[in-house]
Amino acid sequence: MLENILTLLSTLVGGGLLGILFERKKRRVETEAIEAEVIDRIQNIYNKFLEDYNEKITELLNENKKLKEKIKKLEERVNELSK
């Protein structure tokens, strides 16, 4: 009888400890998977930001170039009229 009680207690305690350890490992693995997914999403958002940023910079550089050309033509015209 005492032996059965000891066996039952050791099974409950041992199983409980094993369950806790297994659950902790399971949570750690789940957390790592979630973190990897979040990092992937952040990387995708950052890549999209860089794409948009580079596109906008290119547009602004082109616009700046056109405006400089326009200013140069206007300065030439002013010089011609000033003579």
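How far apart along helix α1 are E37 and R41? They are four residues apart, which separates them by about one helical turn. The points below take up this pair and the rest of the model.

1. Status and overall make-up. The model is a predicted one. Its secondary structure consists of one helix, with zero strands. That helix, α1, covers residues 2–82. The protein has 83 residues.

2. Exposure as a whole. What share of the residues counts as buried? The figure is 0%. The protein exposes about 8300 Å², and 62% of this area is supplied by carbon and sulfur atoms. The individual residues named below should be read with this in mind.

3. Salt bridges, count. The model contains four salt bridges. Three of the bridges, including E37 with R41, K56 with E59 and R77 with E80, are described in the next points.

4. E37 and R41. The side chains of these two residues meet in a salt bridge, with 2.7 Å from N to O. Because E37 and R41 are four residues apart in helix α1, about one helical turn lies between them. Their exposure classes should be read separately. E37 has a relative accessibility of 41% and is therefore partly exposed. R41 has 53%, so R41 counts as exposed; the cut-off for that class is over 50%.

5. K56 and E59. A salt bridge also joins K56 to E59. Here the closest N and O atoms are 4.0 Å apart, and the cut-off for a salt bridge is within 4 Å. K56 and E59 are three residues apart in helix α1, so they too are separated by about one helical turn. Both ends are partly exposed: K56 has a relative accessibility of 46%, and E59 has 40%.

6. R77 and E80. The side chains of R77 and E80 form a salt bridge at 3.6 Å, N to O. Both residues belong to helix α1 and stand three residues apart, about one turn of the helix. R77 is partly exposed, at a relative accessible area of 45%.

7. Aromatic pairs. How many aromatic pairs does the structure hold? There are two. One of them is F49 with Y53, a stacked pair with 5.8 Å from centre to centre and 25° between the planes. Stacked is the right word because planes under 30 degrees apart fall in that class. F49 and Y53 are four residues apart in helix α1, so about one helical turn separates them. F49 is partly exposed, with a relative accessible area of 49%. Y53 is partly exposed as well, at 43%. Together with Y46, these two residues make up one aromatic cluster.

8. Nonpolar surface patch. Which residues form the nonpolar patch on the surface? They are Y46, F49, Y53, I57, L60 and L61, and their accessible area together is about 610 Å². The aromatic cluster of Y46, F49 and Y53 thus reappears here as part of the patch. I57, another member of the patch, lies in helix α1. I57 has a relative accessible area of 33% and is partly exposed. A patch residue needs over 30% relative accessible area, so I57 qualifies on that count with its 33%.

Technical notes: Residues are numbered from 1 along each chain as its sequence is written. This is a predicted model: local features need pLDDT of at least 70, side-chain atom pairs count only at pLDDT 80 or more; totals for chains, interfaces and linings use all residues. Side-chain values use heavy atoms; hydrogens and water are left out. Helices (H or I, at least four residues) and strands (E, at least two) are DSSP runs, numbered from the N terminus. Buried means under 20% relative accessible area, exposed over 50%, partly exposed in between (1.4 Å probe, protein chains only). Accessible areas come from the Shrake-Rupley method with a 1.4 Å probe; for residues, only the protein chains shown count as cover. Patches are made of residues with over 30% relative accessible area and no salt bridge: like charges are joined within 9 Å, nonpolar side chains (Val, Leu, Ile, Met, Phe, Trp, Tyr) within 5 Å. Rings of Phe, Tyr and Trp (its six-membered ring) pair if their centres lie within 6.5 Å; planes under 30 degrees apart count as stacked, over 60 as edge-to-face and the rest as tilted.
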